Amino acid sequence: MAKIQNGILGGFSGKVGTVVGGNWKGIDYIRVHKKPSNPNTEKQVNQRTKFTTALSLLQPITPFLRVGYKLFTAKQTAFNAAMSQVLNNAIVGDAPNVEIDYSKVQVSSGTLTPAVGGVATYANDEITITWTNNTGSGSAKETDKALVVIYNAVKGEAIYDIAGAARSEATQAFSLPAEWVGDSVQVYLGFITEDGKDVANSVFVGAVNITA
C-alpha cells in the first residue's frame, strides 16, 4: 500500500500498480517497478559480482568514507560516491574472476593538494608511513591532517585515521593486530584541512607484507 505525503499533490511512498514512489535526500521520485524475467543473466551476475567485490573493500571503512567523500553528499551518500569510484576505475575482470586493482582505488576525494612521496614500511609490529612535506605547494598547509587507511583484504578488516599527523610532520606509525602477521595490506594516504572543509584525493602508498 502506498502512502501519500503532504496531501494529494505531494509525493508518495510505496507501490501503486507498476509504479513505485519514494523520497531520497528530500527529493520525491517515482519509477516503474518491473520484475526481471531472468535475474541471473550473464550480465546481471557479472554486475552483482563486481558490486560485491567492491563492497568487500568499502564496508570495513564506511565511517572513514563519510569523511573522505564528504564533498560529494549533496545528491548522494559518501558511500555511494566511493562505490562509484571503485566500480568505474578499480574493478577488473569479469565474473567469476573479478578483482580490485588497489592502485586505482581512492578512499578520499577533493581539491586539496594531495600527498607526494608516500612510502610505507613494516617493522616491530608497526607500519610507518612517511611522505614529503609539500607545504606551500598549491593549497597544501602544514596543518593539514593525514587521512590514512590500512586495508587487509584477507581478514576483511581495516585500520584508519581521519585526523592523523600533520602534513608538516611527514610521518605516522600504526600498530597492527598480531593476527595480521602473514597477510598483505594496502595502504592509502590523503589529507584533510584542519577545519575539515576540504579533502585531498588519496594516493596509493603501496602493498606491504606483514612478516613475523
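In this predicted model, contact means that heavy atoms lie within 4.5 Å.

Q: Which residues does leucine 58 touch, not counting residues up to four places away in sequence?
A: By the 4.5 Å limit, leucine 58 touches Leu65, Phe79, Ala82, Met83 and Val86. Leu58 is also listed among the buried residues of α1, and among the residues with the most contacts inside the largest nonpolar core.

Q: What makes up the largest nonpolar core?
A: This core has 28 residues, and those with the most contacts inside it are Leu57, Leu58, Leu65, Val86 and Val105. At least two residues come from each of α1, α2, α3, β9 (145-152) and β12 (184-192), with α3 giving the most, namely 6 residues. A second core, separate from this one, has 24 residues, including Ala146, Phe174, Leu176 and Ile210.

Q: How do you know that the span of helix α3 agrees with its 12 residues?
A: The expected span is 1.5 Å times one less than the number of residues, so the 12 residues of α3 (78-89) should cover 16 Å, and the 17 Å between the end C-alpha atoms agrees with that. The helix α1 passes the corresponding check, because its 17 residues should span 24 Å and its end C-alpha atoms are 24 Å apart.

Q: Which residues of α3 are buried, and what covers them?
A: The buried residues of α3 are Ala78, Phe79, Ala81, Ala82, Met83, Gln85 and Val86, and what covers them includes α1 (42-58), α2 (62-68) and β5 (91-92). On α1, the buried residues are Asn46, Lys50, Thr53, Ala54, Leu55, Leu57 and Leu58, and these pack against α2, α3, β5, β6 and β9. As background to such lists, an α-helix has 3.6 residues a turn, so residues three or four places apart point the same way.

Q: Why is asparagine 88 called exposed?
A: Exposed requires over 50% relative accessible area, and asparagine 88 reaches 61%, so it counts as exposed. This residue is found in helix α3, and its C-alpha atom is separated by 9.9 Å from that of valine 105, which lies 17 residues away along the chain.

Q: Why is the pair of phenylalanine 64 and tyrosine 160 called edge-to-face?
A: Ring centres must lie within 6.5 Å to pair, and planes over 60 degrees apart count as edge-to-face; here the centres are 6.0 Å apart and the planes are at 65°, so both conditions are met. Phenylalanine 64 belongs to helix α2 and tyrosine 160 to strand β10, so the pair ties together parts that are 96 residues apart in sequence. Phenylalanine 64 is buried, at 0% relative accessible area, whereas tyrosine 160, at 32%, counts as partly exposed.

Q: What makes the pair of tyrosine 102 and tyrosine 151 tilted?
A: The angle between the planes is 45°, with the centres 6.1 Å apart, and because this angle is neither under 30 nor over 60 degrees, the pair falls into the tilted class. Tyrosine 102 lies in the loop between β6 and β7 and tyrosine 151 in strand β9, so parts 49 residues apart in sequence are tied together. Both of these tyrosines are buried, and the count of aromatic pairs comes to 5.

Q: How do you know that arginine 167 lies over the face of phenylalanine 191?
A: The distance limit is 6 Å between CZ of Arg and the ring centre, alongside a limit on the angle to the ring normal, and arginine 167 lies over the face at 4.1 Å from the ring centre of phenylalanine 191.

Q: Why is threonine 193 called buried, and what does it contact?
A: Buried means under 20% relative accessible area, and threonine 193 has 14%, so it qualifies. This threonine is found in the loop between β12 and β13 (203-209), and a polar contact of 2.7 Å joins its side chain to that of aspartate 195. Leaving aside neighbours within four places in sequence, threonine 193 is in contact with Leu112, Asp144 and Asp198.

Q: What is the phi of alanine 170, and where does this residue lie?
A: Phi of alanine 170 is near 65°, a positive value in a residue other than glycine, and the residue lies in the loop between β10 (157-161) and β11 (171-175). Its relative accessible area of 18% is under the 20% limit, so alanine 170 is buried.

Conventions:
Residues are numbered from 1 along each chain as its sequence is written. This is a predicted model: local features need pLDDT of at least 70, side-chain atom pairs count only at pLDDT 80 or more; totals for chains, interfaces and linings use all residues. Side-chain values use heavy atoms; hydrogens and water are left out. Helices (H or I, at least four residues) and strands (E, at least two) are DSSP runs, numbered from the N terminus. Buried means under 20% relative accessible area, exposed over 50%, partly exposed in between (1.4 Å probe, protein chains only). A nonpolar core is a set of buried Ala, Val, Leu, Ile, Met, Phe, Trp, Tyr and Cys residues joined through side-chain atoms within 4.5 Å. A charge sits over a ring if NZ of Lys or CZ of Arg is within 6 Å of the ring centre and within 35 degrees of the ring normal. A polar contact is a pair of N or O atoms within 3.5 Å; within protein, one must be able to donate a hydrogen and the other to accept it, and residues adjacent in sequence count only if both atoms are side-chain atoms.
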